[in-house]
Structures are given as C-alpha cells and as structure tokens.
Amino acid sequence: MSTISTVTSLAYLVAAASFVIGLHLMNSPASARRGSQLSSAGMAIAVAATIARIAYDGLITPTGWAVLGAGTLLGAGVGLRSAYTIKMTAIPQLVSLFNAVGGGAAALVAIADFVRLTGVPRASIVPSVMVPTVLDVVIGAVTFTGSLLAAGKLQGWVPGRPLVFPGVRLVNILLAVVVLGGGAYLFSGADNGWVLTAVLLAALAFGVTMVLPIGGADMPVVISMLNALTGTAVAMAGFVIGNSALIIAGALVGASGAILTKLMADAMNRSIANIVVGGFGTGDALDPGAAAIGGDIRQIGAADAAIQLAYASKVIIVPGYGLAAAQAQHEVAQLAVLLQERGADVSFAIHPVAGRMPGHMNVLLAEANVPYTLLKEMDEINPEFPQADVALVIGANDVTNPAARRAGTAISGMPILDVDRAKHVIVIKRSMGHGYAGIDNELYTDPKTEMFLADAKTGLAELTAAIKTLVG
Amino acid sequence: MSASLLSDISIFLLSLLVGFEVISKVPSTLHTPLMSAANSIHGIVLVGAMLTAAAAHTTVGYVLSFIAAAFAGMNVVGGYRVTDRMLQMFKRPPLPPKGGTDQDRS
C-alpha cells in the first residue's frame, strides 16, 4: 500500500468514526448540534483527503479539475442558499430534494464507471462490480424521481392526494420486468450500454409510479423510506468504486432510514407494504360527503375558552397537522408563555407523525422558542392527561380519536394521545371536516369537549388576546 | 470471492448493525434533524463523484462527473447547513421564567 493510499484510507476511517459518533450525539437535544458539527468535520476530512489523493495520483485531466470544481461549487452554492432561506415549515421538501440529488449522484457515479469501463477494450465487467452497479443505478434512479415527486407533493406543485391512474399495476409490472430482466442480462456478464439505459429509464419511471398514489399524510413514511434507499444506493456506489467511506456512510444512512420508516409506519398503524400499494382513505368504502358529525357538538367562543385556560393549573397542548399547515407555531408559543406566566404547568403532547415528516412538529415549536423540555413524546405524556385541567387540541384529528382503542374502525390499533382522559378538552379546528382516515372523531362529541371553530393562527391569537383583556 | 470484496461486505453489514444500534436511541423530538443529518452523511457520495471526475477522459465522462459533483455538493453542503440551522433552535428552558414582553405582538 502506497503512503498516499494509506493516508486516505486512514482519513476515511476518521470520517466514518465521526459519522457514527456524530449520530450517537443526536441522542439528546443538548449534544445534537455538536454531533452534527463533528460529522461535518469528518466529511471535510474525507473530501480533503480525496483531493490530495487525486492531485498526487496525477491522472486527472485539467478538464476533470474544472468539471469537478465548477460542479461542486455550483451545487454547494445552490444547497447553501436554499438551506439559509428555507422556512421551517418547508423543511420536509428540502430534505426530500437533498435526498433526491444524493440518490441521483450515487446513480451517476455507477453510470460513469460503467461508461468508462465499456469505453476501453477489456474483458467483460466482473460480477462483483456489475451487481452493485445495477443495484446502484436502480435504487439511485428510483429515489431520484421518487424524492423529487415527494418534494413536489409537499410543496403543493403536485396534488398531495393519492393519484391513481388506470393501469398503474400493469405499468408497474412492465417496469419490474424491464428492471429484473435487464439486470439479469447484465449480471450474466454482458455489459450492454443500451440494456443499462433501459434499466435506468424503467427505474426512473418506477420512482414516479411508486410515489404518485401515496397521499400527503403518508409522507413521513415515504420520506424515511426514500432516505433509506439513498443510503443503500450510496453504499452500492462504494462497492462499485471500491471505497469504504461510501460503504460505511451509506449503510449508516440505510439503517437510520429503515428504523424511521418502521417507527412512522407503526405510529400510523399501517404496514409499509400497505402504504406503498396506496389507496388508503381514497374514499371507496367511506363516505367523504358526510362531513357533518353525528351526535351533538358544543361550540365555544374565544372568551369562554380563554377563561377556562386562564384558570387551569395544568394545560396540555396537542398540536397537529392543522397547526403546521396554518404556520401557527409562533402563536401557540405565545399562548404557552402567557399561561406559564400565570403559573400554569404547560406541556406539548407530540404524536410521532405530527407534521409532515418524522419529528417535524418539534422543529416548528423549537423555531418558535418553545424549550425542548416542554415537548413530550406520546408515551411520556399519556399518563399525564387525567391530571390535565384542559387539553387544547389544535388541528389534530385522527391521532386523538378514542375510536382507535376499539376494534373495527379504520384506525383501530393506531397509537393515539389520550386526550379524552383530560378533565376538559378544547379543540381548535377550522371546520368539522374529517381527518385523513375519513371517520368521525368521537372526541368531538364527548360531553367534556368544546369546539372552537377557527383557523389555528387566528384562533390562537384571539385566545391570547382574550386572556389578556379578560383576566389581565 | 476476492478478499477485498469480502471485507467490503463485512464493513457494509457491520455498519448497518452499528447504524441500527446508534439510531434506535434517538428520541422522536430529534427525528427531523436526525434524518437531515443522515441525509448530509450520504453526501459522502461527493467523494465518489470526485474519484469519477478524476478518472474521466471523455465528454460523456465529464458531463456525468459534472452533474454528479453538482448533485453531491448540493446534498452535502446544504444538508449540513440546514441540519445545523435546525439544531441551533433547540434550546433549554431559560433559567428564570422569561418575560413575554419581547414576544408580544398584540
């Protein structure tokens, strides 16, 4: 082993260790930022070592340097700009976009390697390179188009509802045949560029047909899954070019995405297969027109709700998708501060799938300066609901529906927040429409629940103003 | 099976297991930054793009390397920046209960 390759290998080892330790430091909000910084330092070391290696080897052409420099700077500039300007409500789109380009880059590395190898006279590409090449191209291409489409859905450029077109199953089967058949052909040692192109195009198309039928509320699962796939693609790229740093980092990300996918699917009471196949809540067995709720509901105005909150000694706030959609995180934070000043014990109950990606609600509340010690996970807060004088539900629906505890409903078995066990419940909601599952929320007709029908942002502002004027 | 392939497969498998072990302890409060951090880590594909550019000698090779470098650069730089931006918002509670005056907008 030459000196330079020893040095680069050691640098990659340092980088890999910093990724693992960096992820480990994310176990607590207090050390998480240090973890991310350590991980970025490891990344810088890996990149610097690679530059040194390339310069030392001297095989790169001046055009190669120019292409590399210009490409990296352009990408870095765009990435940096979007990272600085993005709104916290739009984080899921940005993470999806970064995921897409990561998957795309991984696929391109394998494609470039394939093109280079087929461009020179030699024996056919060995299976230990060909197998990861095909896997990398397929997985990378699927995540590229899949993540772009997911980002488009989250941004609202593509309708968020499940889009199903006739014959989609047939199209998927055809695409699978092309990918599997082409892959098998390439594995057999025939390195035909046209076959790889066909496989690439089929995989790109499959990314679209896979994400298209998946609804907006399932996005936390989909984003996690695409993240896992990109990690795997990067690991495959590592096998193609024989680079351990890519293999380790890719495997770490693959594992993290897989865990999050499982956690999210469990929290939504869905199997991963069920989400990917799609069709949940599209309204065939249910009646979406029956938005009017059965049973009586009691409406309440800002003034009455304010009085109840002002004299409560323990308040649990349950923020949901409606709060994120209305971008009302600052209003809810102001209300929490006001109640705390009046001596109330205030905490936030956060369901795992609140928001548009795993843990998104926590980021929104952190942005509004809510200390992370007030953000309680479902298992931690559920035993506290019986002591709560008021549970204030803001734009959350299915995750509070007690029907989940019974068998035979669309959400049976789904883990929920035990809001109905609080002494009193106030729900801020824009309309009496259904949640994603399309069923009535029995919480709303509970005798101790009162509905404050308003947009989350204006409703919360009215509440805060009312508390100030009514009780000082 | 060559020795290097065998060691690559071992590294891959062990890294997967380390990943499962490390990440299953992350609280759900931090899942978004975690995913964003993991996203930045797969930006290591920039190293792959650099090695690809170093080996390129044809127009097709240059074009592919350029796009790969741009994609990977965006992934890694943007990813780390946005993760850091998120994490710096996670604050401990202020020690004395903080007055709401600076946050009032009524």
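Start inside chain A of this predicted model, at helix H7(A). Its buried residues are Val195(A), Leu196(A), Val199(A), Leu200(A), Ala202(A), Ala203(A), Gly207(A), Thr209(A), Met210(A) and Val211(A). Each of them has under 20% relative accessible area.

H7(A) covers residues 193-211, which is 19 residues. How far should H7(A) span at 1.5 Å a residue? The expected value is 27 Å, and the end C-alpha atoms are 28 Å apart, so the two agree. Now look at the start of H7(A). There, a side-chain oxygen of Asn192(A) comes to within 2.7 Å of the backbone nitrogen of Trp194(A).

Next, turn to where the two chains meet. Here 86 residues of chain B are in contact with 109 residues of chain A. The size of an interface is often given as the accessible area lost when the parts come together. Chain A and chain B bury about 8,600 Å² between them. Carbon and sulfur atoms hold 76% of that area. Three residues, Met35(B), Ile44(B) and Met74(B), supply 8% of what chain B buries against chain A, more than any other three residues.

What about charges and polar groups? The rule finds 1 salt bridge across this interface. Arg33(A) forms a salt bridge with Asp84(B), with the closest N and O atoms 2.9 Å apart. Polar contacts across the interface link 18 residue pairs.

Which helices of chain B supply at least two residues each to the side that touches chain A? They are H1 (3-23), H2 (31-41), H3 (45-55) and H4 (59-87). H4(B) gives the most, with 26 residues. By class, this side of chain B has 50 nonpolar, 26 polar and 10 charged residues.

Note on methods:
Residues numbered from 1 in each chain as written. Chains lettered and ligands numbered in written order. Predicted model: local features only at pLDDT ≥ 70, side-chain atom pairs only at ≥ 80, totals over all residues. Heavy atoms only, no water. Contact = heavy atoms within 4.5 Å. Buried area = accessible area lost by both parts, 1.4 Å probe. Salt bridge = Lys/Arg side-chain N within 4 Å of Asp/Glu carboxyl O. Polar contact = N/O pair within 3.5 Å; in protein donor to acceptor, adjacent residues only side chain to side chain. Helix = DSSP H or I, 4+ residues; strand = E, 2+ residues; numbered from the N terminus. Nonpolar A, V, L, I, M, F, W, Y, C, P; charged D, E, K, R; others polar. Expected span 1.5 Å × (residues − 1). Buried < 20%, exposed > 50% of the residue type's maximum accessible area, 1.4 Å probe, protein only.
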